[in-house]
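Trainee: I have a structure to look at, and I should like to go through it with you. May I begin with how the chains meet?
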Amino acid sequence: MQKLFKSIAAIALAFTTLSCGGGSEKKAEESAEVAVTDFKGKTLSILCWEGYADTKFTKAFEDKYGCTVKGVYFGSSDELIAKLTAGGGEVYDIVTPSPDMAQALVEKDLVQPIDLTKITHYDSLGAKLRSMQDVVKDGKTYGVPFTWGPDYLVYNADVIKDPTSWNVLFDPKNKGKIALWDDISSLYLAGILLGYDKTDKGAIYNMNEEQLAAVKKKLMELKPQIRKYWATAGELDNMMKNKEVVAAIGWPLTPATLKKDGMNVKGMIPVEGATGWIDRLMITKSTTNKDLAVAWIDYITKAENMAKVAEATNYSVANEGAKAYMSPELQEITQMNNTTYYFEKLNFWQYVKNRKRYNEIWNEVKGGTK
Amino acid sequence: MFLKLKPSFYLLFLPLALWMLLFLVLPYTRVFIQSFYTIDDFGVLQPALSFDSYKRFFTKELYYFTLFKTFGLSAVVTAIALIVSIPLAYYIAFKATKNKTLLYTLIILPLWVSYIVRAYAWKIILGEEGILNSFLQFIGFIDSPISALLYSDLAVVIGMVHIYTPFVLMPIYTSFEQIPTSLVEASKDLGANRFITFFKVVLPLSLPGIITGGTFAFVLSLGDFLAPNLLGGSNTLFISNIFQNMFGTSNDKPLGSAIGIVLLVVVLFVLDMSSRAEKRYSSLNSDRT
């Protein structure tokens, strides 16, 4: 079935390319041809989360421009900073930070403004994603939305029937059957549960000591319910599969993976709300290939290329037009069929200035200490 | 004494010195210096001479208590590993005759399996639908699965004991092997029964091996973060988990380095104590000859 769909999609794709000979497309092609000579033999170096430089979507770009796309992976936001600020040798052209670091990169002058007129498909990217102000400084935009996703309630639908609220985590029936992510984002969740984001969405990323104490108390209250703080999505999948856990804060990857194993695990945004992350494409200050970097952002934000990103990573992508190139299954996994709802409900991460303190509180919760 | 040695000695010594310098002295010096640095909001190191990180370590319960707790759990792991290893080594060294090599190989065999695989194996064994719970339910010993088996301090201790027992057993076995059977026979000839012989002759003679093995288990457990990560529950937090967090997500390298230095000092102290104890008891060996 999937194969059949793929071949249909391929044929449809071929037709669209053939039939779209009109104005703007042609212009884009012409400018691309000029670029071909410019970029031959050059290397685009992308400092990114694993999977963001997959050959599934870099190959066509390489073929088109005769350049090489090289992905250097970082495993944590710290590593990103370390790699970007380390002197000597490696120079990166593109970097893909999460919102917990994006603003810091702008503030620290490590990235440069992007000329949005050169990003042909910028306006097709999710309006909500584009409206985030953390990568805007002095009216200039420093980041182009790439991928996003929710940190929502993942639950075993055979055990928990139609939950509406995060309260299921506190339900005595689920004692010892809950998992939280081993990350400071659990503090954001507690902040949401305490209603700190009611008036100002950003408040949970900038809580004061008093609020942090309340957050800690809330998380300590939840602790007897918790089986484990998961570190990787794979670990959560396993615990869900072995029925060690019936509800958790998690990512859409988990229901998608477990569905393939025949499990009735679902994900939803409870009434209190949930946080979401969004990764951006940014151009480094130190790049020597600015034009190539712009060309990459222009290329990868195109709907059909974004669909390839979604297929390779299983993440939701910024260009809503991408769903035209995605299978219904993939659209469901990535919520691309329901973006309006998600954008309305999600409180997207922001830079946490007091990251150190947030981490300390989180460790105190884990250790059960003062 | 160095001066009297031939130049060839220095040539042989050079690779070792280089190795020590590159992989031990320099990194530790770096960590030591870094522990006095400060960081800006962004987590970027600022050279300074600040005792802030140490002050935080010794005043915040989170840090000193976690070290204390790690100490305690490592001691439990060491004790259990010794209790398991001593009889086992004794059996292989003195009782097993035909299958000695086979038995010894079986004990050592897990060392060929990756650490992570072994830790994961315990997940499969201890889980709620795991082998142990299913078995206990099958024989009717329990009605519902014991969930505390996995994702708890208990699971971490079980996993660590399994992982570190070969390290404990090897030196103990070796020291048992070195005891001349004539001594054991003499003890029995003089009227001591099996237990008295074991506690008065065999055990004292093998103390250096026991101390070495125990030190291995203790020091390795102190620095372990993977077993707590994989097998631990919502209450499990080892000092190395915090250490890892400082470098992985908190971006607080000075505090991480300070924790590293404190841990290093503790480990050096333990090693020093252990080598003193070893020397003291190995004098029994020299008395014998």
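Trainee: How many salt bridges are there across the interface of chain A and chain B?
Mentor: Across that interface the rule finds seven salt bridges, a salt bridge being a side-chain nitrogen of Lys or Arg within 4 Å of a carboxyl oxygen of Asp or Glu. One joins A:Lys108 to B:Asp40, with N to O at 3.0 Å. Please note that this is a predicted model, in which local features need pLDDT of at least 70 and side-chain atom pairs count only at pLDDT 80 or more, while totals for chains, interfaces and linings use all residues. Residues are numbered from 1 along each chain as its sequence is written, chains are lettered from A and ligands numbered from 1 in the order in which they are written, and side-chain values use heavy atoms, with hydrogens and water left out.

Trainee: Which elements of chain A give two or more residues to the side that touches chain B?
Mentor: They are helix H4 (77–85), helix H5 (99–107), strand E9 (226–230), helix H9 (233–241) and helix H15 (355–367) of chain A. Helices (H or I, at least four residues) and strands (E, at least two) are DSSP runs, numbered from the N terminus. H15(A) gives the most, with nine residues.

Trainee: And what kinds of residue are on that side of chain A?
Mentor: They divide into nine nonpolar, six polar and 17 charged. Here Ala, Val, Leu, Ile, Met, Phe, Trp, Tyr, Cys and Pro count as nonpolar, Asp, Glu, Lys and Arg as charged, and the others, Gly among them, as polar.

Trainee: How many residues does each chain bring to the contact?
Mentor: Chain A brings 32 residues and chain B 35 residues, where contact means heavy atoms within 4.5 Å. The two chains bury about 3,000 Å² between them, 45% of it on carbon and sulfur atoms. Buried area is the accessible area (1.4 Å probe) that two parts lose on being put together, summed over both.

Trainee: Back to salt bridges: how many are there over all chains?
Mentor: The count comes to 23 over all chains. One of them pairs A:Lys216 with A:Glu364, the closest N and O atoms being 2.9 Å apart. A:Lys216 lies in helix H8 of chain A and A:Glu364 in helix H15 of chain A, so the pair ties together parts that are 148 residues apart in sequence.

Trainee: Are A:Lys216 and A:Glu364 buried or exposed?
Mentor: Both A:Lys216 and A:Glu364 are buried. The term buried means under 20% relative accessible area, exposed means over 50%, and partly exposed is in between (1.4 Å probe, protein chains only).

Trainee: What about chain B: where do B:Asp252 and B:Arg56 lie?
Mentor: B:Asp252 lies in the loop between helix H11 (239–248) and helix H12 (253–288) of chain B, and B:Arg56 in helix H2 (residues 52–59) of chain B, so their pair ties together parts that are 196 residues apart in sequence. Their side chains meet in a salt bridge (3.1 Å, N to O). B:Asp252 is buried, with a relative accessible area of 2%, whereas B:Arg56 is partly exposed, at 22%.

Trainee: Which residues do salt bridges with shared partners join into one network?
Mentor: The network holds A:Glu209, A:Lys216, A:Arg357, A:Glu360, A:Glu364, B:Arg56, B:Lys60 and B:Asp252.

Trainee: A new topic, then. Where does B:Asn133 lie?
Mentor: B:Asn133 is in helix H6 (residues 131–138) of chain B. This residue is buried, with a relative accessible area of 0%.

Trainee: What does the side chain of B:Asn133 reach?
Mentor: The side chain of B:Asn133 reaches the backbone nitrogen of B:Ile146 at 2.9 Å. A polar atom of that side chain also lies 3.0 Å from the backbone oxygen of B:Gly127. Leaving aside neighbours within four places in sequence, the contacts of B:Asn133 include B:Ile125, B:Pro145 and B:Leu149.

Trainee: Finally, what pLDDT does chain A average?
Mentor: Chain A averages a pLDDT of 87, and 89% of the residues score at least 70; pLDDT is the predictor's confidence in each residue, from 0 to 100. Among the elements of chain A, helix H8 (residues 209–222) has the highest mean pLDDT (96) and helix H1 (residues 2–19) the lowest (48).

Trainee: Where in chain A does pLDDT stay under 50?
Mentor: One such stretch is residues 13–35 of chain A, for which the model has eight contacts beyond four places in sequence. Where pLDDT is low, the predicted coordinates should not be read in detail.

Terms used
Polar contact = N/O pair within 3.5 Å; in protein donor to acceptor, adjacent residues only side chain to side chain.
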